[in-house]
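Let's take a walk through this structure, stopping at a few helices and a couple of single residues. Have the viewer open and follow along.

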Amino acid sequence: MGQVPADSVASARSPYGFVGDGRLSRHWRHYFTSLGIPWKLWSRRIERADGLRAGEALADCGVILLAVADDAVEPVLGQLRDAGLGDRTFVHFCGGRSFAGAWGTHPLMSFGATLYQPAFYREIPVFVEADALRPDPVANFRSLFPRLPNPCFSLRPEDKPYYHALCALAGGMTAVLWRDFFAAMATRFGVPRDALASYPRRIIENVLASPDGALTGPVARGDTGTIRAHLEALDGSALGTVYEAFIAAAAREPA
């Protein structure tokens, strides 16, 4: 895909097409609905259930959003081209990779099982892929999605793996740690999750207020005896390996 096609404004008035019905698709369709933006949906599950093919479901969609797993983007692109939709503008949501024939726009957010309040979606930052064909990717985004008020930031293709690795660590890794924390507190110490809710809330509030000063505890203080006891308690577990990596990361300057 090159620059925004000449008919992009007309395309923006027609329904947007969503491919895939997972969490990201559900959230983004909910967002579009809250803004009165028309959309249509197709997925393999819909085709299996109703016999509705992609070419039929998305026939009048000028912009098609590929809300599918990263490894499925290229096969789905091929399937849509074979269905007679090769002249459409394709947008994918993969934050760490680039794909020929589709433009990358990555909403920096964690999308859970529960839909969010409509106003929340408007604040989600969107990182848009910049390349030789899109030297002004923010303008490209505004042309394709003129009714979305989200803050946008340019992202070079060569920077995408690093950017997305940061997202995965900050969001995904912390989710795993909190999952294990709450599970151990409940099973080993009998403490319900509700009684612990103030702890993660305060941590993220401290991080937002002062990222450089949010780290507390024995690693921040350099309490080697306590740290040694921690490592012994976690020895042989996956969390022990994580703790060692945490110590190494805390000791260096931010990248």
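**A stroll through the helices**

In helix 7, which spans residues 137–144, the buried residues include Pro137, Asn140, Phe141 and Leu144. Those four take up an arc of only 100° around the axis, so they sit on the same side of helix 7. The general rule behind that is simple: an α-helix has 3.6 residues a turn, so residues three or four places apart point the same way. Keep in mind that you're looking at a predicted model.

Pro137 turns up again if you jump to strand 6, residues 126–129, where Glu129 is found. Is Glu129 buried or exposed? Its relative accessible area is 4%, and buried means under 20%, so Glu129 counts as buried. Who surrounds Glu129? Setting aside neighbours within four places in sequence, Glu129 is in contact with His92, Ser98, Trp103, Gly104, Arg134, Pro137, Leu155, Pro157 and Lys160.

Lys160 is also where helix 8 starts, as that helix covers residues 160–189. Helix 8 packs against helix 9 at an angle of about 150°, with the two axes 12 Å apart. Angles over 145 degrees count as roughly antiparallel, so that is the label for helix 8 and helix 9. Their crossing is right-handed. On the helix 8 side the contact is made by Trp178, Phe181 and Phe182, while helix 9 brings Tyr199, Pro200 and Ile203. Sort those residues by type and you get six nonpolar, no polar and no charged.

Stay on helix 9, residues 198–209, and you'll find Val207 there. Val207 has 33% relative accessibility, so it counts as partly exposed. For a sense of distance, try Tyr31: it lies 176 residues from Val207 along the chain, and the C-alpha atoms of the two are separated by 28 Å.

One more helix pair to go. Helix 11 (residues 224–233) and helix 12 (residues 238–250) have axes that come within 8 Å and cross at roughly 150°. How do helix 11 and helix 12 run relative to each other, roughly parallel or roughly antiparallel? With that crossing angle, they are roughly antiparallel. The crossing of helix 11 and helix 12 is left-handed. Helix 11 makes the contact through Ile227, His230 and Leu231, and helix 12 through Gly240, Tyr243, Glu244 and Ile247. By type, the residues in this contact come out as four nonpolar, two polar and one charged.

Terms used:
Residues numbered from 1 in each chain as written. Predicted model: local features only at pLDDT ≥ 70, side-chain atom pairs only at ≥ 80, totals over all residues. Heavy atoms only, no water. Buried < 20%, exposed > 50% of the residue type's maximum accessible area, 1.4 Å probe, protein only. Helix = DSSP H or I, 4+ residues; strand = E, 2+ residues; numbered from the N terminus. Arc of directions from axis to C-beta. Axes fitted to C-alpha atoms, helices over the stretch in contact; angles between N-to-C directions. Parallel < 35°, antiparallel > 145°, perpendicular 65-115°, else oblique. Left-handed = near helix turned anticlockwise from the far one by under 90°. Contact = heavy atoms within 4.5 Å. Nonpolar A, V, L, I, M, F, W, Y, C, P; charged D, E, K, R; others polar.
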